[in-house]
Amino acid sequence: MGMKCSFSLLFLVLFFSRVDALFAHGLLHCQFTSPDDVVYLEQIFFNKVLQIQYNSTLGKYTGYTEKTKEIAEGLNKNPKFIKEEKKMN
Ligand SMILES: *[C@@H]1O[C@H](CO)[C@@H](O)[C@H](O)[C@H]1NC(C)=O
């Protein structure tokens with residue numbers, strides 16, 4: 001689980017690193033909401049502001065700025081990519 005999470009996060013950080021590597025950081029949570037239920041969360045921040053988040057309960061990306069809304073929409077439209085994310089659970 002941990003390895004798969006890290007791989008996915010790395011993918012996103014690389015994806016964003018062209019924009020602003022210095023101020024970007026990612027947070028990854030595998031929250032256990034109950035013994036059988038794990039919420040998988042990925043959050044990418046720039047300048048400490050949340051830019052984009054994947055929530056496995058919703059099963060999609062949510063963008064918080066004009067730019068990341070577009071990116072999130074693109075990622076959500078990519079069935080292959082979303083399938084990969086869902087496999088993480
Ligand atoms: C993830 O999505 C679920 C369902 O909408 C929501 O209840 C939960 O609060 C979300 N988690 C975060 C950290 O946004």
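V39 counts as partly exposed, because 14 C-beta neighbours lie inside 10 Å of it, and a residue would need 20 or more to be buried and 12 or fewer to be exposed. This residue has its place in strand β2, and it is a useful starting point for reading the model, which is a predicted one. The chain around V39 has three helices and four strands, and from the N terminus on these elements run in the order α-β-β-β-β-α-α.

**Confidence in the model**

- The mean pLDDT of the chain is 73, and 62% of its residues reach 70 or more.
- Among the elements, helix α1, which covers residues 2-20, has the lowest mean pLDDT, at 49, whereas strand β4, made of residues 60-63, has the highest, at 93.
- Where pLDDT is low, the predicted coordinates should not be read in detail.

**V39 and S56**

- Leaving aside neighbours within four places in sequence, V39 is in contact with Q31, T33, N55, S56 and T57.
- The C-alpha atoms of V39 and S56 are separated by 5.8 Å, although the two residues are 17 apart along the chain.
- S56 itself is placed in the loop between β3 and β4, and S56 counts as partly exposed because it has 18 C-beta neighbours inside 10 Å.
- Between S56 and E42, which are 14 residues apart along the chain, the C-alpha separation is 8.9 Å.

**How the strands pair**

- Strand β2 (residues 37-46) and strand β3 (residues 49-55) run antiparallel and are joined by six bridges.
- Within this pairing, E42 has Y54 of β3 as its bridge partner, while F45 stands opposite L50 in β3.
- The hairpin of β2 and β3 has two residues between the strands, and in this hairpin N47 takes a positive phi near 50 degrees.
- Strand β3 also pairs with β4, again in the antiparallel sense, over four bridges, and here Q53 has T62 of β4 as its bridge partner.
- The hairpin that β3 and β4 form has four residues between the two strands, and G59 in its turn has a positive phi of about 75 degrees.
- In a regular strand the side chains alternate between the two faces of the sheet.

**Burial and the nonpolar core**

- Of the 89 residues of the chain, 13% count as buried.
- The largest nonpolar core consists of five residues, namely I44, I52, Y54, Y61 and A72.
- One of these core members, Y61, touches I52, Q53, Y54, A72, L75 and N76, when residues up to four places away in sequence are not counted.
- Taking the chain as a whole, and looking at contacts with a separation of 6 or more, residues 24 or more positions apart account for 22% of them.

**Around the ligand**

- The residues that surround the ligand are L41, N55, T57 and L58, and two of these names, N55 and T57, also appear among the contacts of V39.
- Sorted by class, this shell has two nonpolar residues, two polar residues and no charged residues.

How values were computed: Residues are numbered from 1 along each chain as its sequence is written. This is a predicted model: local features need pLDDT of at least 70, side-chain atom pairs count only at pLDDT 80 or more; totals for chains, interfaces and linings use all residues. A residue is near a molecule or strand if its C-beta atom, placed from the backbone, lies within 6 Å of it. Ala, Val, Leu, Ile, Met, Phe, Trp, Tyr, Cys and Pro count as nonpolar, Asp, Glu, Lys and Arg as charged, and the others, Gly among them, as polar. pLDDT is the predictor's confidence in each residue, from 0 to 100. Two strands pair if DSSP finds at least two bridges between them. Two residues are in contact if their C-beta atoms, placed from the backbone, lie within 7 Å. A nonpolar core is a set of buried Ala, Val, Leu, Ile, Met, Phe, Trp, Tyr and Cys residues joined through C-beta atoms within 7 Å.
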